[in-house]
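Work through the exercises below with the sequence and the model at hand. Each task is followed by a solution in steps.

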Amino acid sequence: MINHYKNNPTYENIDDILSPELFDDAYLSIKNWTDYAPTPLIKLSNLASDLDIGEILYKDEGHRFGLKSFKALGGAYAVIKVLKDHLSVKYPGVNILDNDLKTGKYVDDLKDFTVVTATDGNHGRSVAWGAKECGINCKIYMHKGVSESRGIAVELLGAEVTWVDGNYDDSLHKVKRDAIENFWHIISDTSYIGYMYVPKFVMAGYSVMTTEIVDQLEASPPPTHIIVQGGVGGLAGTICAHAAKLWPDNRPRLIVVEPESADCLHQSAIAGSPKMVHIKTETIMGGLSCGEVSAIGWNILKDNADDFITIGDDHVAPAMRLLASGMGDDEKIVAGESGVAGLALLTELKYNQNIKEALGLNQSSRVLLFGTEGATDQEIYDKIISG
Ligand SMILES: Cc1ncc(COP(=O)(O)O)c(C=O)c1O
């Protein structure tokens with residue numbers, strides 16, 4: 001079952017929300033990290049013709065820095081930015097390099113520095129990795145809906161995991177309380193009134209994907225449509241803002257897709273202001289299970305996204321299997337539950353021509369999808385693929 005809300009974007013200038021300099025800085029920093037490599041942009045030609053769509057391009061984040069999701073770009077980068085800010089007080093005017101932090105040059109200055117975040121899994125893994133690389137303390141809060149192995153993955157990076165009763169939003173509330181009491185530094189991928197500075201760095205990190213895509217498209221025209229999945233809207237907000245900068249004259253239609261049971265962006269778009277959604281059933285797309293929008297993400301999307309759509313969980317497992325087996329000679333792709341949201345929508349549109357038409361999807365469309373995660377929980381992945 002698909003719910004579609006057609007937004008009426010006014011395409012405001014959003015440089016004051018997320019500036020182009022933030023995107024540039026993130027790329028300049030991240031491209032020099034050890035083991036950096038652009039993730040592939042894969043053309044799924046057979047799938048496109050099966051779905052009667054001109055072209056499908058899939059940005060495969062399944063191997064990003066060995067963390068298996070695009071989130072590796074955001075949290076870890078924000079950790080570095082926050083540490084540089086902190087050190088700049090003691091060392092004014094000194095140009096502190098990412099590598100200085102990673103090679104322990106300031107380890108004594110940072111021995112009591114602790115970062116903390118709430119997470120559905122992937123963001124926490126990124127923050128824990130950034131903290132480990134810089135030799136600082138890290139606390140990760142996870143709610144009971146997150147799988148145990150996602151917690152173990154974070155612990156293996158040296159972070160301490162606290163399990164919280166309730167859902168993602170409950171874990172975030174506990175982080176806010178505990179951080180104040182303990183003087184910890186919150187590195188959140190969501191933003192709210194009074195907390196906008198750090199999430200901008202997280203979002204800027206994500207824009208490395210779109211920077212890479214421009215190179216990977218070479219001489220090809222930009223996509224006509226971008227389908228991007230929404231949790232709190234940090235990812236979608238970044239892609240929306242960056243696409244507007246990259247392709248101002250032929251701006252792709254930006255479609256935000258969310259799980260039906262956690263559709264805070266969709267509900268906010270309908271209401272015209274942020275709406276909180278109480279999550280009653282956890283979706284299989286765990287990374288998208290968020291009930292409250294990110295203030296920055298929302299501020300971008302409300303005036304710049306073209307469509308807000310929700311999908312049920314039904315098409316998620318089939319979409320994962322479709323990618324795993326590869327249609328015809330299309331490349332086989334390992335994609336996790338939250339990673340296939342865009343593809344799950346496209347496959348569902350096969351049975352909903354009205355919405356497909358309303359989205360302007362046809363044989364002349366060039367659709368860009370974000371495969372935001374690989375097998376971030378191997379056990380769950382194997383179970384789904386074996387059907
Ligand atoms: C794999 C994956 N895709 C997409 C998202 C959505 O990102 P955001 O919460 O910034 O909307 C997440 C969030 O955790 C995720 O883990």
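**Exercise 1.** Locate Asn-250 and decide whether it is buried or exposed.

Solution. Asn-250 sits in the loop between helix 10 and strand 9 (253-259). Helices (H or I, at least four residues) and strands (E, at least two) are DSSP runs, numbered from the N terminus. The model is a predicted one, in which local features need pLDDT of at least 70, side-chain atom pairs count only at pLDDT 80 or more, and totals for chains, interfaces and linings use all residues. Residues are numbered from 1 along each chain as its sequence is written. Next, count neighbours: a residue is buried if 20 or more other C-beta atoms lie within 10 Å of its own, exposed if 12 or fewer, and partly exposed in between, with C-beta atoms placed from the backbone. Asn-250 has 9 other C-beta atoms within 10 Å, so it is exposed. Last, check a distance: Asn-250 and Pro-222 are 28 residues apart in sequence and 7.5 Å apart in space, C-alpha to C-alpha.

**Exercise 2.** Do the same for Ala-319, and list which residues it touches.

Solution. Ala-319 is part of helix 13 (residues 316-325). It counts as buried because it has 24 C-beta neighbours inside 10 Å. Two residues are in contact if their C-beta atoms, placed from the backbone, lie within 7 Å. Leaving out residues up to four places away in sequence, Ala-319 touches Val-340, Leu-343, Ala-344 and Thr-347.

**Exercise 3.** Asp-35 and Lys-68 each have a positive phi. State where each lies and whether it is buried or exposed.

Solution. Most residues other than glycine have a negative phi. Asp-35 is not a glycine, yet its phi is about 70°. It belongs to the loop between helix 1 and strand 2 (41-43) and is exposed, because 7 other C-beta atoms lie within 10 Å. Lys-68, also not a glycine, has a positive phi of about 70°. Its loop runs between strand 3 (55-60) and helix 3 (75-90). With 25 other C-beta atoms within 10 Å, Lys-68 is buried.

**Exercise 4.** Give the strand order of the open sheet of 4 strands and find its edges.

Solution. Two strands pair if DSSP finds at least two bridges between them. The order is 6-5-4-7, with parallel pairing. Strand 6 (160-164) and strand 7 (185-186) are the edges, since each pairs on one side only. Strand 4 (residues 114-119) is joined to strand 7 by 2 bridges, and Val-116 has Ile-186 of strand 7 as its bridge partner.

**Exercise 5.** Describe how the two domains meet and where the ligand lies.

Solution. An automatic or database domain assignment gives the bounds: domain 1 (3-71 + 207-385) and domain 2 (75-188). Their centres, taken over C-alpha atoms, are 26 Å apart. The contact takes 21 residues from domain 1 and 19 residues from domain 2. On the domain 1 side, helix 1 (20-30) and helix 16 (378-385) give two or more residues, and helix 1 gives the most, with 3 residues. Now turn to the ligand. A residue is near it if its C-beta atom, placed from the backbone, lies within 6 Å; 21 residues surround the ligand, the closest being Gly-231, Gly-234, Gly-287, Thr-372 and Glu-373. Helix 10 supplies the largest share of this shell, 3 residues. Both domains give residues to the shell, so the ligand lies between them.
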